[in-house]
Amino acid sequence: MSEPPEVLQQFSDQVRKERDIAAGDIEKYAFHPINSFLLVRRFVRHWTELATFLSKGSPNVLDLYSELMINRRAFPTPKDFMGSLNAILRIQEIYNLSASALADGDLHQAIPSGGLGADECYELGIGSSDQKNYEGVIGWMKEALKRMSPPYEYSGALIKIDVLEYLAWAEYKVGLLEDAIIHTKDILDEDPTSKQAHVNLGHFEAEMIRRSTNVNHSARNKVDNKTNRKDNKFKYERLCRGETRKSQRQRDKLSCYYNRNRPTQVLRPVKVEMLNSDPDLYLFHDFISESEIELVKRLAKPQLKRAVVTDTDTGKEFKADYRISQRLTEPSMVLSHFVILLLRLGTRYRMLCAQSAWLDDHDSPIVKRISQRIQTITGLSLDSEHSEALQVANYGIAGHYDPHHDFLQNPDGSLPSNVIDGDRIATVLFYMSDVEAGGATVFLDAEEIVYPRKGDAIFWYNLKKDGSPDVKTMHAACPVIIGSKWVANKWINERGQEFRRPCIRT
């Protein structure tokens, strides 16, 4: 067989290098947001471009083209690409990470990432611009410029002027006029005929003169993209970064103990840690076993939406169950490796929020046993008419859940028309996986941060003893930075609890 075309060989070398990074542990590789972003980007951009190139090529590349056509329905879409890009920007915003750290892939020492190149940094800068996050634009465009210079050996199609235009405009928007003028002059050094650069330079210089004569105007009028946010958004982001304001005096009032209230708990007491008082939050350590977790996940996986793939041509869903040919060229072996990776992970890159499944007690004796264990320790009725099915959820790239309450009451005290068993009196949240970074559950009023630990569960009441909502139970799930986060929720209804948690007497 003759040698493959140079463009194909270069592309094969590039992807093979990434394959070698992923070879140690495919799932850990893909659970790194930078790796996931690059993987999706390659399928949306480079593999598609390669298919176009191969369709016009010689017979010795038709095997690879055939494999591309067979598997292309599993490829991510441009919408998926934007989702993975926005996921990185969300992680950057919530955790206050620099563009430099993200571009270098320095998020977790044990999980490698090749980092980002100039093209990827440029696209993230454009994404920040679309969100009017001009501080973010500056960071990403500076990284793009750095990666277009030695020693990065950049060979792409991006030109310096494109980057400088975004950079100068963003600097102007945040009040960095001197920097904006310098970078606009850099544009004119590259292209003295640029009319827009001449217009911008005149505008920036006039604005500089105006500000210098106005003593009441700050030299830097920095734009704060969070100024108009609600207080709970500020608190949510602060808690996700691990910045709690709970005092040591408050913590000293809390306790840990063994719950042996029932005969079945004498030999196996439940380890309880009180996390907060008003609202009362309890952490049950090692509440669910490894074998129970794996069975629950196995039951839930077929119901999760990520178990199917959407055909981008027809809009129809189909099972991602491909046959990979065994007689493949070397470049096609590389393709197969990453297609298998996509199929193994399902469409994880589409899950910026949790995808969920529901399991009833009658689905498995294990599910029923978990309900009985909750009933034993809480003293509440977990009969099917007194509680909801177990909700199992898996979070994807930057998967999160914004601040919310679990109670269902409307502001006027009424319940939605479809609620027939009363409001949710209590919640049990199970952690069914460890998370390498991020993914904490935060309680905003309690100033409490709970990091996922496989087997643990949090318990709290959503309603006060008089039946009114406890607004202090507002909570949220922080974005997953690295890892896969599996949780399960069990909501207990107020009907059937009249004698187990009686209302307070007036």
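Start with the whole chain in view: residues 24 or more positions apart account for 74% of the contacts with a separation of 6 or more, a contact being heavy atoms within 4.5 Å. This is a predicted model, in which local features need pLDDT of at least 70 and side-chain atom pairs count only at pLDDT 80 or more, while totals for chains, interfaces and linings use all residues. Residues are numbered from 1 along each chain as its sequence is written, and side-chain values use heavy atoms, with hydrogens and water left out.

**The whole chain**

Switch to a cartoon view and you will find 16 helices and 16 strands. Helices (H or I, at least four residues) and strands (E, at least two) are DSSP runs, numbered from the N terminus. Now show the surface: the chain exposes about 25400 Å², and carbon and sulfur atoms supply 50% of that area. Accessible areas come from the Shrake-Rupley method with a 1.4 Å probe, and for residues only the protein chains shown count as cover. Of the 506 residues, 50% are buried; buried means under 20% relative accessible area, exposed over 50%, and partly exposed in between.

**Helices 9, 10 and 11**

Select residues 195-213, which form helix 11, and add helix 9, residues 160-173. Their axes come within 12 Å and cross at roughly 25°. Axes here are lines fitted to C-alpha atoms, for helices over the stretch in contact, and angles run from 0 to 180 degrees between N-to-C directions. Helix 9 is therefore roughly parallel to helix 11, since angles under 35 degrees count as roughly parallel, over 145 as roughly antiparallel, 65 to 115 as roughly perpendicular and the rest as oblique. Show side chains to see the contact: Ala168, Trp169 and Tyr172 of helix 9 meet His203, Phe204 and Glu207 of helix 11.

Next, add helix 10, residues 177-190, whose axis is 10 Å from that of helix 11 at an angle of about 155°. These two helices are therefore roughly antiparallel. Among the helix 10 residues in this contact are Ile181, Thr184 and Leu188; on the helix 11 side, look for residues including Leu201, Phe204 and Met208.

**A four-strand sheet**

Move on to an open sheet with the strand order 8-14-11-12 and antiparallel pairing; two strands pair if DSSP finds at least two bridges between them. Strand 8 (401-404) and strand 12 (448-450) stand at the edges with a single partner strand each, so one side of each has no neighbour in the sheet. On average, neighbouring strands of this sheet are turned by 10° against each other, direction ignored. Zoom in on strand 8 and strand 14 (residues 475-477), which are joined by two bridges, and find Tyr401 with its bridge partner Ala477. Then select residues 231-240: this is helix 12, lying across strand 8, strand 11 (441-443), strand 12 and strand 14, at about 125° to strand 8.

**Strand 9 and its partners**

Now select residues 424-431. Eight of the eight residues of this strand 9 are buried, so the strand is largely enclosed by the rest of the structure. Seven bridges join strand 9 to the antiparallel strand 16 (residues 485-493), where Val487 is the bridge partner of Tyr431. Five bridges join strand 9 to strand 13 (residues 457-461), also antiparallel, and there Leu429 stands opposite Ile458.

**Last stop: Gln391**

Finish at Gln391 in strand 7 (residues 390-395). Gln391 counts as buried because its relative accessibility is 14%. Leaving out residues up to four places away in sequence, Gln391 touches Ser356, Ala357, Trp358, Val487, Ala488, Asn489 and Trp491.

Definitions and conventions
Buried < 20%, exposed > 50% of the residue type's maximum accessible area, 1.4 Å probe, protein only.
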